[in-house]
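Reader: Please explain how the labels given to this model follow from its computed values.

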Amino acid sequence: MKNNLPEDFFKIYNKEAQNIFFSPGRVNLIGEHIDYNGGLVMPCAITLGTYMLIAPNNDNVFRFTSINFDETLEIPLQNGYQKDSESWFNYPLGVIHYFSRSGKELGGLDMLYYGDIPIGSGLSSSASIEVVTAFAFNELFQCGFSKLELVLMAKKVENEFIGVNSGIMDQFAVAFGEENKALMLDCDTLDYEAVDSNLDGYILAIINTNKPRKLAESKYNERVHECQIALKALKQELEIHNLCEIDTDTFNLHKDLIKDEVVAKRATHVVAENERVKLAAKALANNNLKEFGKLMYASHDSLKNLYEVSGAELDAVVEYALTDKNVIGARMTGAGFGGCAIALVKQDSLESFTKALSEYYTGKIGYAPSVYSSHIGNGVGELNLAQSVYSSMDNAVCELQEA
Ligand code: GLA
């Protein structure tokens with residue numbers, strides 16, 4: 001089923017798909033919970049992602065189906081839409097909402113989605129589905145939006161349609177990702193550079209804690225709010241627009257303005273994490289992976305103790321990593337509260353790492369994690385329906401295979 005999406009499309013809609021688009025998921029190497037504070041982040045696109053097959057219809061409706069979920073939706077073309085309960089199709093529906101509001105001329109479409117990103121794992125399946133939809137609509141209806149405009153639209157879906165106050169990192173990474181490169185993105189100016197991620201004898205392992213991220217959205221919005229309180233307090237003496245404009249020294253001089261101890265802890269993480277990203281970029285440029293790994297551990301420690309977005313499951317992964325001589329760095333990635341961690345593991349040791357980690361983790365948590373070795377892939381694009389759908393799927397599956 002998975003490797004024959006055009007056939008699936010035919011079975012569902014009784015006609016051939018006209019186009020296929022793909023948008024990846026992402027991992028963030030370092031720079032966590034600072035995108036919404038105007039900070040520096042270092043995400044990369046992975047080879048898992050969302051496929052979207054599409055064909056026009058003459059019925060003036062949008063039809064959504066997915067291989068991953070049973071729920072389907074058929075909705076007429078109209079001037080705007082509203083979030084519908086908690087269904088998966090809210091993400092593409094949100095995108096279509098903004099397209100329909102943009103005054104561009106749209107037409108009826110039959111759509112089929114398939115994602116091979118583990119759902120709820122913190123690898124940005126939602127950004128992936130938003131961006132693939134925005135990209136497809138832009139191409140199909142020749143709307144002429146730039147890629148950055150599509151990214152901003154997808155972020156708006158997340159913030160206003162879905163109701164999560166997330167930053168721009170995920171949508172940006174899945175749209176602009178480049179093979180074997182990490183994006184060094186300044187979330188204040190949106191300037192970015194694609195930097196070589198030469199891992200030199202190491203591989204990036206993705207460890208899914210398999211913990212459902214239940215509280216993630218409310219806690220996420222709470223952190224965003226705490227950062228806003230910290231910023232407001234600092235603004236009494238500093239002329240700044242976001243927390244990441246200041247360095248640790250300046251922060252320490254004015255920290256007393258923040259009266260709430262918890263809020264002060266959050267801001268301490270934000271300022272230090274931003275500095276860690278600068279050091280990490282230098283380490284990567286100098287091929288100093290050991291230093292990069294140390295910064296990953298420091299980042300995790302800060303997310304655990306100051307920002308408090310980790311949890312027993314993510315901590316167990318990092319605790320194990322610290323004891324394994326074949327691992328030089330590990331940390332949670334993404335929003336936290338479950339989801340995935342990443343680790344830099346010596347190339348020939350992935351198997352022993354997986355085995356020993358699984359034993360440790362299962363002993364501590366009560367169920368097993370899933371470990372993947374990851375390849376850094378390209379951002380959103382159109383695939384060749386006739387030729388490349390199968391090979392792309394195969395790549396995705398074997399490049400990010402469960403170890
Ligand atoms: C989620 C959000 C991002 C970012 C990360 C944490 O993935 O969507 O904007 O804030 O959490 O770094």
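The exchange below takes up burial, strand pairing, cysteines, backbone angles and salt bridges in turn.

Author: This is a predicted model, in which local features need pLDDT of at least 70 and side-chain atom pairs count only at pLDDT 80 or more, while totals for chains, interfaces and linings use all residues. Residues are numbered from 1 along each chain as its sequence is written, and side-chain values use heavy atoms, with hydrogens and water left out.

Reader: What makes strand β9 mostly covered?

Author: Strands (E, at least two residues) and helices (H or I, at least four) are DSSP runs, numbered from the N terminus. Buried means under 20% relative accessible area, exposed over 50%, and partly exposed in between, with a 1.4 Å probe and protein chains only. In β9 (residues 202-208), seven of seven residues are buried. In a regular strand the side chains alternate between the two faces of the sheet. Tyr 202, Leu 204, Ile 206 and Asn 208 are buried on one side of β9, and Ile 203, Ala 205 and Ile 207 are buried on the other.

Reader: How do you know which strands pair with β9?

Author: Two strands pair if DSSP finds at least two bridges between them. Strand β11 (residues 340-346) is joined to β9 by seven bridges and runs antiparallel to it; Ala 205 has Ala 343 as its bridge partner there. Strand β12 (residues 370-373) is joined to β9 by four bridges, also antiparallel, with Ser 370 as the partner of Asn 208.

Reader: Why is no disulfide assigned to Cys 44?

Author: A disulfide is a pair of cysteine sulfur atoms within 2.5 Å. The closest cysteine sulfur to that of Cys 44 belongs to Cys 340 and is 13 Å away, so the two are too far apart for a bond. By this rule the count is zero disulfides. Cys 44 has a relative accessible area of 0% and is therefore called buried; Cys 340, also at 0%, is therefore buried too.

Reader: What is noteworthy about the phi of Asn 180?

Author: Most residues other than glycine have a negative phi. Asn 180 is not a glycine, yet its phi is positive, at about 60°. Asn 180 lies in the loop between α5 (169-176) and β7 (181-186), and its relative accessible area of 45% is why it is called partly exposed. Phe 337, another residue other than glycine, has a positive phi near 55° and sits in the loop between β10 (327-332) and β11. Phe 337 has 10% relative accessibility, so it counts as buried.

Reader: Why is the contact of Asp 196 with Lys 181 called a salt bridge?

Author: A salt bridge is a side-chain nitrogen of Lys or Arg within 4 Å of a carboxyl oxygen of Asp or Glu. The closest N and O atoms of Asp 196 and Lys 181 are 3.1 Å apart, which meets that rule. The pair links distant parts of the chain, with Asp 196 in strand β8 (residues 192-196) and Lys 181 in strand β7, 15 residues apart. The whole structure has 17 salt bridges.

Reader: How do you know that Arg 223 and Glu 226 are buried?

Author: Arg 223 has a relative accessible area of 3% and is therefore buried, and Glu 226, at 10%, is therefore buried as well. Both lie in helix α6 (residues 216-234), three residues apart, about one turn of the helix. Their salt bridge has its closest N and O atoms 3.5 Å apart.
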